[in-house]
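Q: Hi! Could you walk me through this one? I'd like to begin with the sheets.
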Amino acid sequence: MLSWAIRLDGRTLWSENAVFGASVYGESLRKFSGTEYRRWDPTRSKLAAAILRTKRNKSLLLPEPGSTVLYLGAGHGTSISHLHDHLCGADNDLNGRIVAVDLAPRCLRDLTYLARSRTGLVPILGDARKHTSWGVLVPHPVNWLFQDVAQSGQVEIFVTACRRFLNLGGLGLLSLKAASERWTGEGEHVLFNKVATQLTESGFEVEERIKLTGYEDNHVLFVTRRVE
Ligand SMILES: C[S@@+](CC[C@H](N)C(=O)[O-])C[C@H]1O[C@@H](n2cnc3c(N)ncnc32)[C@H](O)[C@@H]1O
């Protein structure tokens, strides 16, 4: 077990289903010792891909169950649904909270539908760059922040959000899509090195750089800790 709710069976990741019988995006369901789990698809979720690829203890990538987390670039809620299984559990018994921000109305529609059966999930229609319109919904700094916005300026967006919303010592996970950055012709490796330097100079310790190739090509997940 990676956590009370996340388990690895062979090379397949599963999360204990907080909403019995419900599949969120067509993923398969199965029982382990009478408890229902949902298959967490690493080709649909960068967090799952990173958990499978990390060279460190896999559970280090997960937030504390029952805590509040901030997720920027929530999409249709694929990763978030599994995060909810882990953070909140059935009927939000653990009292967790996922503040999920996305600027696309079609994503918000799906997230709002998901939140009806998953209390603790707080969908927000907002721009990750414009905190003034939604920041009030995150009144206290969090210990876990995930960003997957796949748009240019991803690093600046991440650094600014972490400075406002992430505790010192908190974990910031940045999913970086190379193709979304301005092309300098120097190659992906150089780009990823520059991002690592930028993060370090901005007060983050880069604990790991996880290549998601094979699950999500041209993507790296930077695992950082806010130290300044
Ligand atoms: C790759 S998808 C996210 C997938 C999701 N993280 C998952 O694993 O299920 C990127 C999302 O970021 C959103 N996005 C892009 N720019 C954004 C911004 N500035 N603020 C908030 N969301 C943004 C897009 O609407 C899109 O839904």
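A: Happy to! Keep in mind that this is a predicted model. One open sheet is formed by four strands in the order S1-S2-S4-S3, with antiparallel pairing.

Q: Which strands stand at the edges there?
A: Those are strand S1 (6–9) and strand S3 (29–32). Each has a single partner strand, so one side of each is left without a neighbour in the sheet.

Q: And how much twist is there from one strand to the next?
A: The twist averages 40°.

Q: How many bridges join S3 to S4?
A: Four bridges join S3 to strand S4 (residues 35–40), and the two run antiparallel. As one example, Leu29 has Arg38 in S4 as its bridge partner.

Q: Which strands of this sheet does H2 touch?
A: H2 packs on the sheet and touches S1, strand S2 (12–16) and S4. The direction of H2 makes about 55° with that of S2.

Q: OK, what about the sheet of seven strands, what order do they come in?
A: The order is S7-S6-S5-S8-S9-S11-S10, in an open sheet with mixed pairing. Strand S7 (121–125) and strand S10 (204–211) stand at the edges; each has a single partner strand, so one side of each lacks a neighbour in the sheet. Here the twist averages 15° from one strand to the next.

Q: In what sense do S9 and S11 pair, parallel or antiparallel?
A: Strand S9 (residues 166–177) and strand S11 (residues 219–226) pair in the antiparallel sense, over seven bridges. Lys177 stands opposite His219 in S11.

Q: Which helices pack on this sheet?
A: H2 does, touching strand S5 (68–72), S6 and S7, and its direction makes about 165° with that of S6. Helix H3 (residues 105–117) packs on the sheet too, touching S6 and S7, at about 160° to the direction of S7.

Q: Switching topic: which residues come nearest the ligand?
A: Gly73, Gly75, Thr78, Ser79 and Ala128 come nearest, out of 19 residues around the ligand. That shell divides into eight nonpolar, six polar and five charged residues. Helix H2 (78–87) and strand S6 (97–102) each supply at least two residues of the shell.

Q: How many residues are in the largest nonpolar core?
A: There are 58, and Leu70, Tyr71, Ile98, Ala100 and Leu145 touch the most other members. Among the residues that Leu145 touches are Val69, Ala161 and Phe165.

Q: Last one: why is Thr200 called partly exposed?
A: Because Thr200 has 13 other C-beta atoms within 10 Å, while a buried residue would need 20 or more and an exposed one 12 or fewer. Thr200 is found in helix H5 (residues 188–201).

Methods:
Residues numbered from 1 in each chain as written. Predicted model: local features only at pLDDT ≥ 70, side-chain atom pairs only at ≥ 80, totals over all residues. Near = placed C-beta within 6 Å. Nonpolar A, V, L, I, M, F, W, Y, C, P; charged D, E, K, R; others polar. Core = buried A, V, L, I, M, F, W, Y, C linked by C-beta atoms within 7 Å. Contact = placed C-beta atoms within 7 Å. Pairing = 2+ DSSP bridges. Axes fitted to C-alpha atoms, helices over the stretch in contact; angles between N-to-C directions. Lists of a residue's contacts leave out its neighbours within four places in sequence.
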